[in-house]
Structure formats: structure tokens, C-alpha cells
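User: Hi, I'm new to this structure and a bit lost. Could you pick one part of it and take me through that part closely, step by step?

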Amino acid sequence: MGKKSNEVSSQIIGLIKDKTKSNREIAKLLGVSEKCVRTTRKNNDIYGTPKESTRPGRPRKLTFRDQNSLFIQFKNVMVSRETVRRFLTSKGIGTNTALKKPLLTALDRIKRLK
């Protein structure tokens, strides 16, 4: 099963509020899985909306504003080199390796010696 659309979510919430149909009947009627109906019901009860709240995890160090002003200046934002490198790579600004200089040939050595 794929992700449900907002339209399907609102239909599920509407049928849940009617309290006339079970989860199984709602799923069969709308063509979604029963788990989809259960999850939508649970999210609506907990968060007041059919969508889940934000996911847990460590927040990003650079805010959207910081990312936009990266080229201008940083004000009191301590970020690691790796964070800046990752951001620049995501914007298509990568690194390049300098070409190696060729070694001196026998002719070059003779010219230098003279």
C-alpha cells in the first residue's frame, strides 16, 4: 500500500465520526488497508489531525535561515566542518583535487643545472 491522500484521510475521519461503521467496513469502502484506518483514527485522537506529529530525532544544526545566509556570514552559529561540507555538497558545490605537476625530465634537469 502507498501513502494515503488528504482526501482519503478526511473521508476516513468523516466515517469515524459517524460511528456507524467499523474499521474493517471503512477500509473496504474506501479501498485502503485496515491498518491505515486504525493509524488515521489513532493520529486523529492523539494529535487532532490525521497526520502524525514531527518525527523524533536530533534537530538540524543549520536552520533554513542559516542555510540561506551561509554565503553571507554566520552569526554565533557553531557548526562543524562536516556540516558545512555536507551542505555545500547538497547545493552542488563540491571539492576538486589539484592536478599533479609532472616530474622533471632529463632535458629539464640539464637546463636547470646550466
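Analyst: Sure, let's look at how helix H2 packs. The axes of H2 (residues 23–30) and helix H3 (residues 34–47) come within 8 Å of each other, and they cross at roughly 115 degrees. An axis here is a line fitted to C-alpha atoms, for helices over the stretch in contact, and the angle between N-to-C directions can run from 0 to 180 degrees. The helices themselves are DSSP runs numbered from the N terminus: H or I with at least four residues for a helix, E with at least two for a strand.

A quick word on what you're seeing: this is a predicted model, where local features need pLDDT of at least 70 and side-chain atom pairs count only at pLDDT 80 or more, while totals for chains, interfaces and linings use all residues. Residues are numbered from 1 along each chain as its sequence is written, and side-chain values use heavy atoms, with hydrogens and water left out.

Back to the pair. H2 passes H3 in a right-handed crossing; that is, the near helix is turned clockwise from the far one by less than a right angle, whereas anticlockwise would make it left-handed. On the H2 side, Asn23, Arg24, Ile26 and Ala27 do the touching, and they meet Glu34, Val37, Arg38 and Arg41 of H3. Contact means heavy atoms within 4.5 Å. Sorted by class, that patch has 3 nonpolar, 1 polar and 4 charged residues. (Ala, Val, Leu, Ile, Met, Phe, Trp, Tyr, Cys and Pro count as nonpolar, Asp, Glu, Lys and Arg as charged, and the others, Gly among them, as polar.)

Arg24 is a handy one to click on. This H2 residue has its C-alpha 5.7 Å from that of Glu34, with their positions 10 residues apart in sequence. Arg24 counts as exposed because its relative accessibility is 59%; the cut-offs are under 20% relative accessible area for buried, over 50% for exposed and partly exposed in between, using a 1.4 Å probe and protein chains only.

Now turn to the other partner of H2. The axes of helix H1 (residues 6–18) and H2 come within 11 Å and cross at roughly 145 degrees, again in a right-handed crossing. From H1, the contact takes in Val8, Gln11, Ile12, Leu15 and Ile16, and from H2 it takes in Ile26, Leu29 and Leu30. This patch has 7 nonpolar residues, 1 polar one and no charged ones. Leu15 is a good place to zoom in: apart from neighbours within four places in sequence, it is in contact with Ile26, Leu29 and Leu30.

In the loop between H1 and H2 you'll find Lys19. Lys19 has a positive phi of about 60 degrees although it isn't a glycine, and its relative accessible area of 74% is why it counts as exposed.

What do these helices build together? The largest nonpolar core has 9 residues: Val8, Ile12, Leu15, Ile16, Ile26, Ala27, Val32, Cys36 and Val37. A core of this kind is a set of buried Ala, Val, Leu, Ile, Met, Phe, Trp, Tyr and Cys residues joined through side-chain atoms within 4.5 Å. H1, H2 and H3 are the elements that give two or more residues to this core, with the largest share, 4 residues, coming from H1.

Finally, zoom out. The chain has 6 helices and 0 strands, and buried residues make up 20% of its 114 residues.
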